[in-house]
Amino acid sequence: MAETALAQVMAELAELEDPKTREVNERHGDDHGVNLSKLRALAKRLKTQQELAGQLWKTDDTAARLLAILICRPKAFERDELDAMLREARTPKVHDWLVNYVVKKNPHSEELRLAWSADPDPVVASAGWALTTERVAKKPDGLDLTALLDVIEAEMKDAPARLQWAMNHCLAQIGIEHAEHRTRAIDIGERLEVLKDYPTPPGCTSPFAPIWINEMVRRQHAE
């Protein structure tokens, strides 16, 4: 029964494959051609199925793994399972969804945050920083924000792209959420100039930390 279900789902994913969608996704490093709205609709129909999620993950197919993330039970995974999955998550979208939709809701998230932040693999370390950014915003008690800013100041400029992006997000979040550190966060951003020239579509906020911080703080005061 389970094997039949897997085969049926893989067949459905194959039908949803669109060459134009794949072309766009591949520019971002994601090797799949499934429209994400259609993928979410399929997940909604399947509902939560932890066993099927595990089988989909093992296919090593990007669309199947994204679907697995949507139908799994985030709290059901052991720490080492999530660590292995993150290291297997070859593409940016799988990596991001795994961290945001699964790891953040798992009881081992804090343990993984600490381990990943110190990992020599910059992509793994970026997951640790993403979890740190979440804590900066929602559960800052116990975090040493000054020490985080010290690390960002020393390492962000020369960090590989994925890690640099995650550290920059943390820098912006500290500046947005914690007024006592805002001036320093903006100053670090201005001096390092990370993502200063990032192409930003009209109506979107630049990821350059000083602009990002000031814009979000302005919105908070405007509400």
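**Entry 1: helix α7**

I looked up which residues of α7 are buried, and found Val-94, His-95, Trp-97, Leu-98, Val-99 and Val-102. The model I am reading is a predicted one. I note for orientation that an α-helix has 3.6 residues a turn, so residues three or four places apart point the same way.

I then asked which helices cover the buried residues of α7. The cover includes α3 (36–46), α4 (50–58), α5 (62–71), α6 (79–88), α9 and α11.

**Entry 2: α5 against α7**

I chose one of these neighbours, α5, for a closer reading. Two packed helices are described by the angle between their axes and the distance between the axes. For α5 and α7 I recorded an angle of about 5 degrees, with the axes 10 Å apart. Because angles under 35 degrees count as roughly parallel, I entered α5 as roughly parallel to α7.

I listed the residues that make this contact. From α5 they are Thr-62, Arg-65, Leu-66, Ile-69 and Leu-70. From α7 they are Lys-93, Val-94, Trp-97, Leu-98, Tyr-101 and Val-102. By class, the residues of the contact of α5 with α7 divide into eight nonpolar, one polar and two charged. I also marked that Val-94, Trp-97, Leu-98 and Val-102 of this contact are among the buried residues of α7.

**Entry 3: the largest pocket**

I turned next to the pockets. The largest pocket has a volume of about 580 Å³, and 24 residues line it. Which residues lie nearest its centre? I found Asp-96, Asn-100, Trp-165, Ala-166 and His-169 there.

I checked which helices supply at least two residues each to this lining, and noted α7 (92–102), α9 (122–138) and α11 (161–177). The largest share, seven residues, comes from α9. I sorted the lining of the largest pocket into 10 nonpolar, nine polar and five charged residues.

**Entry 4: the second largest pocket**

For the second largest pocket I recorded a volume of about 280 Å³. I listed its lining as Asn-25, His-28, Asp-30, His-32, Leu-36, Pro-92, Lys-93, Asp-96, Ala-161 and Arg-162. In this lining α7 and α11 each supply at least two residues. Which helix gives the largest share of the lining of the second largest pocket? I found that α7 does, with three residues. The classes here are three nonpolar, three polar and four charged.

**Entry 5: cross-references**

I closed by comparing the lists. Asp-96 lies nearest the centre of the largest pocket together with four other residues named above, and Asp-96 also lines the second largest pocket. Lys-93 lines the second largest pocket and takes part in the contact of α7 with α5.

Terms used:
Residues are numbered from 1 along each chain as its sequence is written. This is a predicted model: local features need pLDDT of at least 70, side-chain atom pairs count only at pLDDT 80 or more; totals for chains, interfaces and linings use all residues. Side-chain values use heavy atoms; hydrogens and water are left out. On a 1 Å grid over the protein atoms alone, a cavity is a set of points where a 1.4 Å probe fits but cannot get out, and a pocket is an open set with protein on both sides within 12 Å along at least five of seven lines; lining residues have an atom within 4 Å of a point. Grid points are joined across faces, edges and corners, and a volume is the space filled by probe spheres set on the points. Helices (H or I, at least four residues) and strands (E, at least two) are DSSP runs, numbered from the N terminus. Ala, Val, Leu, Ile, Met, Phe, Trp, Tyr, Cys and Pro count as nonpolar, Asp, Glu, Lys and Arg as charged, and the others, Gly among them, as polar. Buried means under 20% relative accessible area, exposed over 50%, partly exposed in between (1.4 Å probe, protein chains only). Contact means heavy atoms within 4.5 Å. Axes are lines fitted to C-alpha atoms, for helices over the stretch in contact, and angles run from 0 to 180 degrees between N-to-C directions. Angles under 35 degrees count as roughly parallel, over 145 as roughly antiparallel, 65 to 115 as roughly perpendicular and the rest as oblique.
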